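Colleague: I've got this one open on my screen and I'd like to know what backs up the labels people put on it. Can you talk me through the reasoning?

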Amino acid sequence: MNAYSDPQALLAEAKKSILFTAVRPELIMEKGKGMHLWDTDKKEYLDFVGGWAVTSLGHCPEAIVNALHHQSRELINASPSFFNKPMLEFANLLTKHSCFDRVFFASSGAEANEGAVKLARKHGAKNLNGAFEMITMVNSFHGRTLAMMSATGKKKWENLFEPKVAGFKHVPFNDLNALKEALSPNTCAIMLEPIQGEGGVFEVEKNYIQAIRKICNEQEILLIFDEVQTGLGRTGKLFAYEHYGIEPDIMTLAKGIGGGFPLSALLTKEKWNLFDAGDQGGTYSGQPLGMAVGSAVLKEILEKKLVENAEKQGSYIQNKLGDIAGQFKLTNIRGKGLLIAFDLPQAKGSEVVAACLANGLLINSPQPATIRLMPPLIVTTKDVDAMIEILSASLTEVFNG
Ligand SMILES: *Cc1c(COP(=O)(O)O)cnc(C)c1O
């Protein structure tokens with residue numbers, strides 16, 4: 001036994017060692033299986049956050065455990081200067097199941113988005129007389145690197161870590177006139193989330209995105225979909241762009257693609273296969289463990305029909321929320337598939353999250369008066385019923401207690 005056989009003693013000591021970046025509850029997560037997490041006190045949590053829309057197959061799924069076990073005995077790393085078998089297999093799988101021809105692999109959403117910005121600027125440099133500007137959306141979220149903080153349309157970040165990376169113009173979401181006014185000969189790309197996740201689950205309008213597609217075609221501007229949160233079945237289609245009858249030029253994926261393993265991808269069409277050797281790369285690009293996991297996750301999503309399940313359970317969740325909406329004055333129940341949000345009668349999101357946590361349910365509040373649900377794609381109606389029960393009890397505590 002060491003000095004830290006008591007997890008709370010370990011926490012008390014180690015909290016002083018961890019650089020402060022986030023307020024976290026005083027508990028330590030220890031185990032996960034399927035829809036559940038357990039902390040070191042053996043308390044069980046029903047997980048409707050899914051590691052932030054990440055654990056698409058649930059916690060510790062056999063598919064990922066087996067892929068890691070097998071691949072870690074074959075090859076863990078051979079460097080990005082060589083092809084490896086899992087990389088080739090995963091690239092084929094992704095291009096086969098999407099409208100894209102080419103893929104670049106990275107480890108995080110922000111990194112994939114950085115690649116998208118670089119590819120757009122490369123296009124601008126090669127084909128558009130040096131155009132470099134990108135139009136992004138107010139209330140968007142694209143990640144936490146310096147360039148992605150510049151791309152992100154988050155009010156709170158406006159004056160943070162100045163000076164920002166130049167070349168990003170933010171326009172209100174779903175406002176075509178504002179977008180047209182922002183266009184200039186310097187524009188090389190338009191980037192958006194088909195459903196704004198961190199912003200509170202707001203969906204792009206079909207007419208708007210189809211009009212943008214037309215503008216991009218006419219002016220040879222790239223349309224970039226950040227599907228870091230919406231990709232891989234989350235919205236009830238394998239990729240969210242399938243909802244809108246258009247194809248983007250670039251799509252970025254992360255979160256659900258690795259089911260919890262750090263993995264991301266940038267996909268594009270053959271026409272935009274523009275990088276010269278050395279323009280883009282990364283030590284872990286195409287890293288065999290990640291590639292093996294990515295293939296295993298996508299195969300499992302397809303074989304177990306989890307996209308269909310996301311669609312079905314998503315409707316069930318929205319109906320169930322509808323049933324309790326009157327009682328708790330919940331409004332604007334919205335979203336697609338298993339990316340769902342609703343508004344509370346008061347800005348008490350963090351109190352509702354805390355009450356649910358105490359009652360053994362993980363949910364998320366992306367905005368002060370908004371609750372978001374993004375459970376693993378394996379969620380069942382039984383899990384949904386259990387979630388609604390705990391949520392109802394917690395809402396009662398917060399608003400009528
Ligand atoms: C989470 C998220 C990102 C950032 O991904 P990281 O892996 O944290 O870098 C980017 N875009 C969207 C839409 C996201 O939801």
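Colleague: What makes S14 and S17 a pair, and in which sense do they run?

Modeller: Bear in mind that this is a predicted model. Two strands need at least two bridges to count as a pair. Strand S14 (residues 339-343) and strand S17 (residues 370-373) have four bridges, in the antiparallel sense, so they pass that cut-off. One of the residues involved is isoleucine 340, whose bridge partner in S17 is leucine 373.

Colleague: Why are S13 and S16 called edge strands?

Modeller: Look at the order in the sheet, which is S13-S14-S17-S16, with antiparallel pairing. Strand S13 (331-336) and strand S16 (364-367) each pair on one side only. On average, neighbouring strands of this sheet are turned by 25° against each other, direction ignored.

Colleague: Which strands does helix H10 lie across, and at about what angle does it run to S13?

Modeller: Helix H10 (residues 306-328) lies across S13, S14 and S17, at about 175° to S13. Angles between N-to-C directions go from 0 to 180 degrees, so 175° puts the two almost opposite in direction. Helix H11 (residues 349-358) lies across S16 and S17 and runs at about 170° to S16.

Colleague: Why do you say the largest nonpolar core lies between the domains?

Modeller: That core has 90 residues, and Phe48, Ile190, Leu373, Met387 and Leu391 have the most contacts inside it. H10 gives the most to it, with eight residues. Domain 1 (3-61 + 305-400) and domain 2 (74-303) both supply residues, so the core lies between them.

Colleague: What is leucine 391 in contact with, leaving aside neighbours within four places in sequence?

Modeller: Its partners are Leu321, Ile324, Phe342, Val352, Cys356, Leu361 and Ile363. Apart from this core lies another, of 23 residues, among them Met134, Phe168, Ile224 and Leu274.

Colleague: How do you know that H8 has the span expected of a helix?

Modeller: Helix H8 (residues 206-219) has 14 residues and reaches 20 Å from first C-alpha to last, close to the 20 Å expected at 1.5 Å a residue. Just after H8 comes glutamate 220, with a positive phi near 55°.

Colleague: Which residues of H8 are called buried, and what covers them?

Modeller: Buried means under 20% relative accessible area, and in H8 that label goes to Tyr208, Ile209, Ala211, Ile212, Arg213, Ile215 and Cys216. Their cover includes strand S5 (133-137), helix H7 (176-182), strand S7 (187-192) and strand S10 (222-226).

Note on methods:
Residues numbered from 1 in each chain as written. Predicted model: local features only at pLDDT ≥ 70, side-chain atom pairs only at ≥ 80, totals over all residues. Heavy atoms only, no water. Expected span 1.5 Å × (residues − 1). Buried < 20%, exposed > 50% of the residue type's maximum accessible area, 1.4 Å probe, protein only. Contact = heavy atoms within 4.5 Å. Core = buried A, V, L, I, M, F, W, Y, C linked by side-chain atoms within 4.5 Å. Domains from an automatic or database assignment.
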